[in-house]
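I opened the notebook to look up a few things in this structure. My notes follow in the order I took them.

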Amino acid sequence: MFITYEEFCRRADVVRADIAAACGAADRDPQEVGLLAVTKNHPAAAAEYAARYGLPAVGENRVQEGVDKRAQTTAEVRWELIGHLQSNKAKLAAAHFDRVQSVDSEKLLLLLDRSAGEVGKILPVLLQINAGRDPAKFGAELEDAPRLLDAALARSHLRVEGLMTIAPLSDDSTVATRTFTTLRELRDRLAGETGAPLRELSMGMSGDFAAAIAAGSTLVRVGTALYGAREPAA
Ligand SMILES: *Cc1c(COP(=O)(O)O)cnc(C)c1O
């Protein structure tokens with residue numbers, strides 16, 4: 001059974017306190033770190049809870065699931081795509097999402113740009129980088145990031161707002177820290193080279209957002225800590 005709104009509020013208060021604590025430890029202003037509620041695998045009510053609590057945006061990892069859920073609710077939130085995007089879903093994603101965080105190839109850039117143009121919008125995007133060099137993760141290779149960024153900046157219907165990464169699963173917490181630091185350093189370098197601000201650094205999930213905040217995250221993507229486990233415990 002899905003959690004109640006009261007339960008959601010308790011969890012969200014804890015997550016916000018943890019974000020504030022991580023910001024305090026890193027000498028950062030909590031206003032600099034956004035909280036994206038990851039609603040994947042949960043009912044549309046999850047987005048309604050987020051909106052009612054005052055969170056500005058929710059994240060979905062599958063295009064069709066996000067499109068369906070969005071149609072089921074009038075919740076006033078922005079919808080962001082955070083999962084791998086296949087070419088054949090680019091058009092649907094461009095039309096129905098407010099931002100796509102998982103752009104990791106030039107092919108996808110071109111398709112999203114064309115589709116955004118067709119529906120008459122400028123689509124905000126983040127470039128997903130495999131900063132942890134994890135064979136199990138999507139994302140552009142670090143070496144390909146400059147070329148991908150140049151290609152993105154040249155598209156007139158895309159607005160590149162920053163970078164996104166997912167840390168490799170590891171028992172060793174230094175792996176996540178290293179991944180997040182790598183992404184921040186890449187952002188700083190690319191911003192310096194191109195003059196594009198690349199303000200958003202989307203990094204950190206339920207298990208590792210404190211490390212991400214310490215490394216400079218501006219957006220943590222949190223599912224489990226807000227809504228509980230997505231699958232019943234075995
Ligand atoms: C599922 C997911 C999250 C949230 O993960 P939790 O561990 O449940 O907080 C964050 N980012 C991406 C890309 C995801 O797919």
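**Helix pair**

I began with Arg11 and Glu7, which are four residues apart in helix α1 and therefore separated by about one helical turn. I checked their side chains next. Arg11 and Glu7 meet in a salt bridge, at 3.1 Å from N to O. Side chains of opposite charge can pair when their charged atoms come close. I note here that the model is a predicted one. I then ran the search over the whole structure, and it returned 20 salt bridges.

**Domains**

I looked up how the protein chain is divided. Domain 1 covers 1-82, and domain 2 covers 100-209. I took the centres over C-alpha atoms and found domain 1 and domain 2 separated by 21 Å.

**Interface**

How many residues of domain 1 are in contact with domain 2? I found seven, and they meet five residues of domain 2. I looked up the buried area as well. The two domains bury about 520 Å² between them. Carbon and sulfur atoms carry 60% of that area. I asked which residues of domain 1 supply it. Glu80, Leu81 and Ile82 give 65% of the area that domain 1 buries against domain 2. No other three residues supply more.

I then searched for polar links across the interface. The rule finds zero salt bridges between domain 1 and domain 2. It does find two residue pairs in polar contact, both at pLDDT 80 or more.

Which elements give two or more residues to the side of domain 1 that touches domain 2? I wrote down α1 (5-25) and β3 (78-81). The largest share of that side, three residues, comes from α1. I sorted the residues of this side by type: five are nonpolar, none is polar and two are charged.

**Ligand**

I listed the residues around the ligand. Among them are Val38, Lys40 and Ile82. The list also includes Ile166, Met205 and Ser206. Arg221, Val222, Gly223, Thr224 and Arg230 are on it too. Ile82 thus turns up twice in my notes, in the area buried against domain 2 and around the ligand.

I looked up distances to oxygen atoms of the ligand. A polar side-chain atom of Ser206 lies 2.5 Å from one. For Thr224, a polar side-chain atom is 2.5 Å from a ligand oxygen atom. Gly223 uses its backbone: an N or O atom there lies 2.8 Å from an oxygen atom of the ligand.

Note on methods
Residues are numbered from 1 along each chain as its sequence is written. This is a predicted model: local features need pLDDT of at least 70, side-chain atom pairs count only at pLDDT 80 or more; totals for chains, interfaces and linings use all residues. Side-chain values use heavy atoms; hydrogens and water are left out. Domain bounds come from an automatic or database domain assignment. Contact means heavy atoms within 4.5 Å. Buried area is the accessible area (1.4 Å probe) that two parts lose on being put together, summed over both. A salt bridge is a side-chain nitrogen of Lys or Arg within 4 Å of a carboxyl oxygen of Asp or Glu. A polar contact is a pair of N or O atoms within 3.5 Å; within protein, one must be able to donate a hydrogen and the other to accept it, and residues adjacent in sequence count only if both atoms are side-chain atoms. Ala, Val, Leu, Ile, Met, Phe, Trp, Tyr, Cys and Pro count as nonpolar, Asp, Glu, Lys and Arg as charged, and the others, Gly among them, as polar. A residue is near a molecule or strand if one of its heavy atoms lies within 4 Å of it.
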